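Please look through the structure shown here before reading on. The paragraphs after it go from the whole chain to single residues.

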Amino acid sequence: LFHPTSGKLQKHLPSLPSGKFYHGLLVDKQQNLWVGSNTDGVLKMEPQSGTWKHYPARPESDRSVGSVYAVPRFVDAAGRVWFTTQNGIDVFDPSTHRFFHIRHSEFNPSSISSNNVSALMEDTHGDIWVGTWGGGIDKIVRSRMKFSVITAPTVLRNGFVLSLLQDSQGELWVGEGSGAVRLSLTDSKQIKNVNHLPGLQSTN
């Protein structure tokens, strides 16, 4: 932890298992600390006791995440914690202490376009935008938990999404390997205009 008043860093995770790769720190509304992992699911530290709870990959269980690779992304208005994984999206509901899994299905055209999810963002309307690695962008209308696949050749160059951000004007920015895409939305939250911005040129 960094203390801005003293300018000092304090090691705060001495009890984590060694030999693992951790990333994606997030604090939820109960002040629990969630830590993502490349190889071992996620961990949660409860602030009162300082103890860790491990959620390993259990794809068919509602008691844990569905992939060894999981990153906590954000906490929604209802206090649920959203994770990106390589097996879809996992959402932890603190009221039930259970996870629900959102996954692609070739038999369901309303499912997300790919299970390899690389970015998540909640917009100002409460809808969820999903960036995938190779499947483009999806939008979840959270009130109905329905998906709208909006990827098209005119929207993204290759469908590989690195990041998502909504700016103060309500426009969506999509980070790709080849640059950025700015999506202007109509009042109905459909894409109105697309601007492609090239990536920075290498000086090497």
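What follows is a walk through a predicted model, from its overall make-up to its core, its aromatic rings and a few individual positions.

The protein chain contains 18 strands and zero helices. Of its 204 residues, 40% are buried, and the surface that the chain exposes comes to about 11,200 Å², with carbon and sulfur atoms supplying 52% of that area. When contacts are restricted to residues at least 6 apart in sequence, 39% of them join residues at least 24 apart.

In soluble globular proteins, nonpolar side chains tend to be buried together. In this model the largest nonpolar core has eleven residues, namely Phe74, Trp82, Ile89, Val91, Ile102, Ile112, Val117, Leu120, Ile128, Val130 and Ile140. Strand 9 (88–93), strand 11 (117–122) and strand 12 (128–132) are the elements that give two or more residues to this core. One of the core residues, valine 91, can be followed further: leaving out residues up to four places away in sequence, valine 91 touches Arg80, Val81, Trp82, Arg98, Phe99, Phe100 and Ile102.

The aromatic rings offer a second way into the structure. With ring centres required to lie within 6.5 Å, the count comes to nine aromatic pairs. In one of them, phenylalanine 83 and phenylalanine 99 sit 6.1 Å apart, centre to centre, with 45° between their planes, and the pair is therefore classed as tilted, since that class takes the angles left between stacked, under 30 degrees, and edge-to-face, over 60. Phenylalanine 83 belongs to strand 8 (residues 81–85) and phenylalanine 99 to strand 10 (residues 98–102), so the pair ties together parts that are 16 residues apart in sequence. Both partners count as buried because their relative accessibilities, 0% for phenylalanine 83 and 3% for phenylalanine 99, fall under the 20% cut-off. Ring pairs also link these two residues with Trp34, Tyr55 and Phe92 into a cluster. At tyrosine 55, a member of that cluster, lysine 53 lies over the face of the ring, at 5.3 Å from the ring centre.

Which polar contact does the side chain of threonine 84 make? Threonine 84, in strand 8, is buried, with a relative accessible area of 0%, and a polar contact of 2.9 Å joins its side chain to that of arginine 73. Apart from neighbours within four places in sequence, threonine 84 is in contact with Tyr69, Ala70, Val71 and Arg73, and also with Val117, Ser118, Ala119 and Leu120; of these, Val117 and Leu120 are members of the largest nonpolar core.

Two loop positions complete the walk. Is glycine 159 buried or exposed? Although glycine 159 is found in the loop between strand 14 (146–149) and strand 15 (161–166), its relative accessible area is 4%, and glycine 159 is thus buried. Setting aside residues up to four places away in sequence, glycine 159 touches Thr132, Trp133, Gly134, Gly135, Gly136 and Glu176, while its C-alpha atom lies 8.5 Å from that of glycine 131, a residue 28 places away in sequence. Threonine 96, by contrast, is partly exposed, with a relative accessible area of 40%, and lies in the loop between strand 9 and strand 10. The C-alpha atoms of threonine 96 and arginine 63 are separated by 9.9 Å, although these residues are 33 residues apart along the chain.

Definitions and conventions: Residues are numbered from 1 along each chain as its sequence is written. This is a predicted model: local features need pLDDT of at least 70, side-chain atom pairs count only at pLDDT 80 or more; totals for chains, interfaces and linings use all residues. Side-chain values use heavy atoms; hydrogens and water are left out. Rings of Phe, Tyr and Trp (its six-membered ring) pair if their centres lie within 6.5 Å; planes under 30 degrees apart count as stacked, over 60 as edge-to-face and the rest as tilted. Helices (H or I, at least four residues) and strands (E, at least two) are DSSP runs, numbered from the N terminus. Buried means under 20% relative accessible area, exposed over 50%, partly exposed in between (1.4 Å probe, protein chains only). A charge sits over a ring if NZ of Lys or CZ of Arg is within 6 Å of the ring centre and within 35 degrees of the ring normal. Contact means heavy atoms within 4.5 Å. Accessible areas come from the Shrake-Rupley method with a 1.4 Å probe; for residues, only the protein chains shown count as cover. A nonpolar core is a set of buried Ala, Val, Leu, Ile, Met, Phe, Trp, Tyr and Cys residues joined through side-chain atoms within 4.5 Å. A polar contact is a pair of N or O atoms within 3.5 Å; within protein, one must be able to donate a hydrogen and the other to accept it, and residues adjacent in sequence count only if both atoms are side-chain atoms.
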